Amino acid sequence: MSDSAMRLERSLNWHLAWPDEKGPFATGMIERINKALQKPIKDLNAGDLRQLVSQKIALEYTVPLAIDAICRNPMQYSSYYEGDLLSACLEIELSFWAKNPDQHARLKSFFDTVRVFDTELQAQVKTFFALEIASTNDAAVNKATKRKPK
């Protein structure tokens with residue numbers, strides 16, 4: 001998803017062609033997610049983004065926004081602790097980054113210039129840096145075609 005294709009005055013539900021759910025909802029978390037999905041994208045806050053990213057919802061839309069927020073303040077408190085939005089992004093599965101290497105490169109290049117002092121987040125950042133996106137794509141192709149790597 002290119003940032004220019006995202007209409008910030010529209011909701012994620014609109015972009016995804018999902019209906020707005022009315023509730024009642026089974027849990028508070030489901031209610032918060034549904035409210036976030038119905039907000040105009042420009043009104044999503046760091047807590048909304050952390051919730052959506054953590055639940056792997058609309059990552060093609062939420063990750064670029066989350067990276068923007070992280071670049072402004074990597075250690076911001078969004079819901080639970082300082083740096084929780086960053087942590088949520090660093091926990092995204094490798095398959096997403098393999099399909100979106102531009103977003104991986106954006107986050108990685110940001111951390112080329114910034115140091116995280118929180119030891120847990122620093123370990124997550126190091127793991128993120130170690131991700132080999134190209135080799136993951138090759139492994140997926142090899143698995144899909146049942147070929148062994150060379």
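# Briefing: helix α3 and its surroundings

The backbone oxygen of Ile30 sits 2.9 Å from a polar atom in the side chain of Asn34. That is one small detail of a predicted model, and there is plenty more to look at around the helices. The parts picked out here are helix α3, a handful of polar residues in α2 and α4, the salt bridges, and the confidence scores.

**Asn34 and Gln38 in helix α2**

- Asn34 belongs to helix α2, and its side chain is the one that comes to 2.9 Å from the backbone oxygen of Ile30.
- With a relative accessible area of 10%, Asn34 is buried.
- Once neighbours within four places in sequence are set aside, Asn34 still has contacts with Glu21 and Phe25.
- Gln38 is also placed in helix α2, but here the relative accessible area is 28%, so Gln38 counts as partly exposed.
- Glu21 turns up again for Gln38: the Gln38 side chain reaches the backbone oxygen of Glu21 at 2.8 Å.
- Gln38 and Glu21 are 17 residues apart along the chain, and 8.5 Å separates their C-alpha atoms.
- Beyond its neighbours within four places in sequence, Gln38 is in contact with Ser11, Asn13 and Asp20 as well as Glu21.

**Helix α3, the enclosed one**

- Helix α3 covers residues 46–54, and eight of its nine residues are buried, so the rest of the structure largely encloses it.
- The buried set runs through Ala46, Gly47, Asp48, Leu49, Arg50, Gln51, Leu52 and Val53; note that Asp48, Arg50 and Gln51 are among them.
- What do the buried residues of α3 pack against? Their partners are α1 (12–16), α2 (28–38), α4 (59–72) and α5 (84–90).
- At the start of the helix, a side-chain oxygen of Asn45 comes to within 2.9 Å of the backbone nitrogen of Gly47.
- After α3 comes Lys56, with a positive phi near 60°.

**Thr62, on the α4 side**

- Thr62 is part of helix α4, and at 0% relative accessible area it is buried.
- Not counting residues up to four places away in sequence, Thr62 touches Leu49, Leu52 and Val53, along with Leu12 and Ile57.
- Those first three, Leu49, Leu52 and Val53, are also on the list of buried α3 residues.
- The C-alpha atoms of Thr62 and Asp48 are 9.3 Å apart, with their positions 14 residues apart along the chain.

**Salt bridges**

- How many salt bridges does the model have? The count is four, and three of them are described here.
- Arg7 and Glu9 pair up through their side chains, with 3.0 Å from N to O.
- Both ends of that pair are partly exposed: Arg7 has a relative accessible area of 36%, and Glu9 comes in at 44%.
- Lys39 bridges to Asp48, and their closest N and O atoms are 2.6 Å apart.
- Is Asp48 buried or exposed? Asp48 counts as buried, because its relative accessibility of 12% falls under the 20% cut-off.
- Its partner Lys39, at 25%, is partly exposed.
- Arg106 and Asp68 form another salt bridge, with the closest N and O atoms 2.4 Å apart.
- This pair ties together distant parts of the chain, since Arg106 is in helix α7 (residues 101–111) and Asp68 is in helix α4, 38 residues apart.
- Arg106 and Asp68 are each partly exposed, Arg106 with a relative accessible area of 26% and Asp68 with 29%.

**How far to trust which part**

- Averaged over the protein chain, pLDDT is 84, and 85% of the residues score at least 70.
- Where is confidence highest, and where is it lowest? Helix α3 has the highest mean, 97, while helix α9 (residues 133–145) has the lowest, 45.
- The pLDDT drops below 50 over residues 135–150, and that stretch makes six contacts in the model beyond near neighbours in sequence.
- So the helix with the highest confidence is the one with eight of nine residues buried.

Key
Residues are numbered from 1 along each chain as its sequence is written. This is a predicted model: local features need pLDDT of at least 70, side-chain atom pairs count only at pLDDT 80 or more; totals for chains, interfaces and linings use all residues. Side-chain values use heavy atoms; hydrogens and water are left out. Buried means under 20% relative accessible area, exposed over 50%, partly exposed in between (1.4 Å probe, protein chains only). Helices (H or I, at least four residues) and strands (E, at least two) are DSSP runs, numbered from the N terminus. Contact means heavy atoms within 4.5 Å. A polar contact is a pair of N or O atoms within 3.5 Å; within protein, one must be able to donate a hydrogen and the other to accept it, and residues adjacent in sequence count only if both atoms are side-chain atoms. pLDDT is the predictor's confidence in each residue, from 0 to 100.
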